[in-house]
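Trainee: Before we settle on any labels, could we go through the reasoning behind them, one term at a time?

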Amino acid sequence: MAIYTLPELPYDYAALEPVINPQIIELHHDKHHAAYVKGANDTLEQLEEARDKDQWGAINGLEKNLAFHLSGHILHSIYWNNMNSPKDGGGGEPLAADGVGDLADAITESFGSFAKFKAQLTKASATTQGSGWGVLAYEPISGRLIVEQVYDHQGNVGQGSVPILVFDAWEHAFYLQYKNQKVDFIEAMWQVVNWQDVGKRYHAAKASVPLISF
Ligand SMILES: [Fe+2]
């Protein structure tokens, strides 16, 4: 029983040129993201089998695989929508005129300025060791925005935080075009950020009721 499905890209493979070339987008979406979707579904089936047979020898690996593949699916689903072509308004900064003034205010309150936030997310993304992500997340207890440096897809995150802008820093996201220049790729990413989408996610996260109270 497939629970998760690969979402369609919101644009064609060439839409993010020259920041990301079509070959990367095609492989990244059709192969890598698809593998996480399949991995999450396969792991759920294996867990069901473990319950049916009452055989728990592989439980540690299965739980780790579930977190890895499911988080990979979720982060990539956000990633595609977080980007759009500069021709369609991608890049720049969140502006009140575009309906995302409250996001801009929250960034300033949480980081001091947009420039400081940009520096922190750039550094967090570009300095990932091995595979990881730089993530802007809404933290529902304090109502602040935070930057997280995510290991693989699921490690080093604060429980309950909601990702609203994600930079994929895995080599598969850039290597065919940028080779070993990960910093150049992350800096170029700012040209395709879809602030309307980030703002929509910020509004939704803010409106959700925190599940934890003290
Ligand atoms: Fe990726």
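Trainee: What makes the approach of the side chain of Asn 84 to the backbone nitrogen of Gly 90 a polar contact?

Mentor: The side chain of Asn 84 reaches that backbone nitrogen at 3.2 Å, and a polar contact is a pair of N or O atoms within 3.5 Å, where within protein one must be able to donate a hydrogen and the other to accept it, and residues adjacent in sequence count only if both atoms are side-chain atoms. Bear in mind that this is a predicted model, in which local features need pLDDT of at least 70 and side-chain atom pairs count only at pLDDT 80 or more, while totals for chains, interfaces and linings use all residues. Residues are numbered from 1 along each chain as its sequence is written, and side-chain values use heavy atoms, with hydrogens and water left out.

Trainee: Why is Asn 84 called buried?

Mentor: Its relative accessible area is 12%, and buried means under 20%, exposed over 50% and partly exposed in between, with a 1.4 Å probe and protein chains only, so Asn 84 counts as buried.

Trainee: Why is the pair of Tyr 36 and Phe 68 called edge-to-face?

Mentor: Rings of Phe, Tyr and Trp (its six-membered ring) pair if their centres lie within 6.5 Å, and planes under 30 degrees apart count as stacked, over 60 as edge-to-face and the rest as tilted. By this rule there are 16 aromatic pairs; in this one the centres are 5.7 Å apart and the planes stand at 80°, so the pair is edge-to-face.

Trainee: How are Phe 114 and Trp 190 paired?

Mentor: They too are edge-to-face, at 6.3 Å centre to centre with 75° between the planes.
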